[in-house]
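Hi everyone, thanks for making time for this. I'd like to walk you through one model, with its pockets and a bit of its surface. Please have a look at it while I talk.

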Amino acid sequence: TKILFHLVSAESANPVADYDTVRKELELYNPLLLEKKEYIFLSKSDEVSKEKIYEIEKSFKKIGEVVPISIADDESMNEVKKILNSLIKEKTIAE
C-alpha cells in the first residue's frame, strides 16, 4: 500500500478521535504505515449541517486537509474521482 484513504463519518461525535484511533491501530500493526501518503475524507457530509462540516474541518487543520464527501452529492464524488485520476496518472508517470 502506497496511499491510505481514511473515511471518517461526519456524524461522529468526535471525528478527530476516530481518525486518531485508526492511526494508533495502524501503528500497532506496522509503524511504517504512518509514513504513507494519506487522504482524509469526511463521509456522510450530507447528513450534517454546513456549520458542523466547517467545525470538523477546523478540528483537522493541524492534521491535514479533510475532503467532505457524500454519495448523494455528485460534486463531491467528482472530487474523489479527480483525486483517484491524479493518483493513477502519477503512478503511470512513475512507471
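Let me start with a term: a pocket here is an open set of grid points with protein on both sides within 12 Å along at least five of seven lines, and its lining residues have an atom within 4 Å of a point. Please also keep in mind that this is a predicted model.

So, which residues lie nearest the centre of the largest pocket? They are S45, K50, I53, P68 and D73, out of 16 residues that line this pocket. Its volume comes to about 350 Å³. If you want to find the walls by secondary structure, look at α2, at β3, residues 66-68, and at α3, residues 74-94; each of them supplies at least two residues of the lining. The chemistry of that lining is mixed: six residues are nonpolar, four are polar and six are charged.

On to the second largest pocket, with a volume of about 200 Å³. Which element gives the largest share of its lining? That is α3, with six residues. The full set of lining residues is K2, I3, L84, L87, I88, E90, K91 and A94. By type, five of them are nonpolar and three are charged, with no polar residue in the lining.

Hold on to L84 for a moment, please. L84 lines the second largest pocket, and together with F5 and L7 it also makes a nonpolar surface patch of about 270 Å². L7 sits in strand β1, which covers residues 3-9. Is L7 buried or exposed? Its relative accessibility is 55%, and the cut-off for exposed is over 50%, so L7 counts as exposed.

Now a backbone detail for those of you who like torsion angles. K44 is not a glycine, but its phi is positive, near 60 degrees. You will find K44 in the loop that runs between β2, residues 37-43, and α2, residues 50-59. With a relative accessible area of 43%, K44 is partly exposed.

Last stop: A17, in helix α1, which spans residues 15-29. A17 is partly exposed too, at a relative accessible area of 32%. How far is its C-alpha atom from that of D74? The two C-alpha atoms are 28 Å apart, and the residues are separated by 57 positions along the chain.

That's my tour, and I'm happy to take questions.

Definitions and conventions
Residues numbered from 1 in each chain as written. Predicted model: local features only at pLDDT ≥ 70, side-chain atom pairs only at ≥ 80, totals over all residues. Heavy atoms only, no water. Patch = residues over 30% accessible without salt bridge, like charges linked within 9 Å, V, L, I, M, F, W, Y side chains within 5 Å. Areas by Shrake-Rupley, 256 points an atom, 1.4 Å probe, with all protein chains shown as cover. Salt bridge = Lys/Arg side-chain N within 4 Å of Asp/Glu carboxyl O. Helix = DSSP H or I, 4+ residues; strand = E, 2+ residues; numbered from the N terminus. Buried < 20%, exposed > 50% of the residue type's maximum accessible area, 1.4 Å probe, protein only. 1 Å grid on protein atoms, 1.4 Å probe; cavity = no way out; pocket = protein on both sides within 12 Å on 5 of 7 lines; lining within 4 Å. Points joined across faces, edges and corners; volume = space filled by probe spheres on them. Nonpolar A, V, L, I, M, F, W, Y, C, P; charged D, E, K, R; others polar.
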